[in-house]
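Me: I would like to go through the packing of this structure. Please keep the answers short and reasoned.

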Amino acid sequence: MEIALDYESLLNESVKIHGHLCAGQVLGVRMSMLGLREIGISDPKGKDRKNIIVFVEMDRCATDAVQSVTGCSLGKRSMKFLDYGKMAVTFLNLKTNKAVRIFAREDSREKAKERFPEIENKYAGQLEAYKIMPDEELFDVMEVAINIAPQDMPGRPMRRVQCDSCGEHVQDMREVYQDGKILCVACAQGGYYAVKEPFLAVRYAEKS
């Protein structure tokens, strides 16, 4: 039986998770509904939950909406985050290999102004316009091919190794081989953090 995706209920659920209603939530919900239809997924949180992976290209409001509608998440490894800074999402049906990349049209902002010229706040105007604008005015859709490496699929880690430098363990084949050593990415390429108090956890454990 095909499950109907109801826009209003999906938006309300997304707002509860995200914390507030915004134009990004509307775009994310509508983008997800369109993507699911395009790849033939009717029940993403039920019978189709293991057949879908999404690739999000921004860490903005719309990403919460995509997670809410599709049920995909980083923890389930069914959501992949690529920091491209684009309002774009790719939806992949693992069963059929059909994939579409959907991105927001830049001219939709101007068209939103035309819909509600009486609303002075442009963000409020976008919010109302995005609710009623047709999909073809909001998004462009391209069919794409996605090849996922086995280590990127949902499921248990294929391998877990220890970094020869920091001693921490790396899983999902994210290690780097350099000068005959096994290294984590942070040790091989530099991390986002700078260690100020090494082995702090060990010292706390010794005091307790």
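The questions below concern the cores, a helix pair and an aromatic pair of this predicted model.

Me: Which helix gives the most to the largest nonpolar core?

Reply: The largest nonpolar core has 35 residues, and Val29, Val54, Val89, Phe91, Ile102, Tyr130 and Phe139 touch the most other members. Elements that each supply at least two residues include helix 1 (7-18), helix 2 (23-39), strand 3 (88-93) and helix 5 (122-132). With nine residues, the top contributor is helix 2.

Me: How many residues are in the second, separate core?

Reply: Among the members of this second core are Val161, Cys163, Val170 and Leu183. The core holds seven residues.

Me: Is helix 2 roughly parallel or roughly antiparallel to helix 5?

Reply: Ala23, Val26, Leu27 and Arg30 in helix 2 meet Gln126, Leu127, Tyr130, Lys131 and Ile132 in helix 5. The axes lie 8 Å apart, at an angle of about 15°. Angles under 35 degrees count as roughly parallel. Helix 2 and helix 5 are therefore roughly parallel.

Me: What is the geometry of the aromatic pair formed by tyrosine 192 and tyrosine 193?

Reply: The structure holds one aromatic pair. The ring centres of tyrosine 192 and tyrosine 193 are 5.0 Å apart, with 85° between the planes. Planes over 60 degrees apart count as edge-to-face. The pair is edge-to-face.

Me: Is tyrosine 192 buried or exposed?

Reply: Its partner, tyrosine 193, has a relative accessible area of 41% and is partly exposed. Tyrosine 192 has 81% relative accessibility, and the cut-off for exposed is over 50%. Tyrosine 192 therefore counts as exposed.

Key. Residues numbered from 1 in each chain as written. Predicted model: local features only at pLDDT ≥ 70, side-chain atom pairs only at ≥ 80, totals over all residues. Heavy atoms only, no water. Core = buried A, V, L, I, M, F, W, Y, C linked by side-chain atoms within 4.5 Å. Buried < 20%, exposed > 50% of the residue type's maximum accessible area, 1.4 Å probe, protein only. Helix = DSSP H or I, 4+ residues; strand = E, 2+ residues; numbered from the N terminus. Phe/Tyr/Trp six-rings, centres within 6.5 Å; stacked < 30°, edge-to-face > 60°. Axes fitted to C-alpha atoms, helices over the stretch in contact; angles between N-to-C directions. Parallel < 35°, antiparallel > 145°, perpendicular 65-115°, else oblique. Contact = heavy atoms within 4.5 Å.
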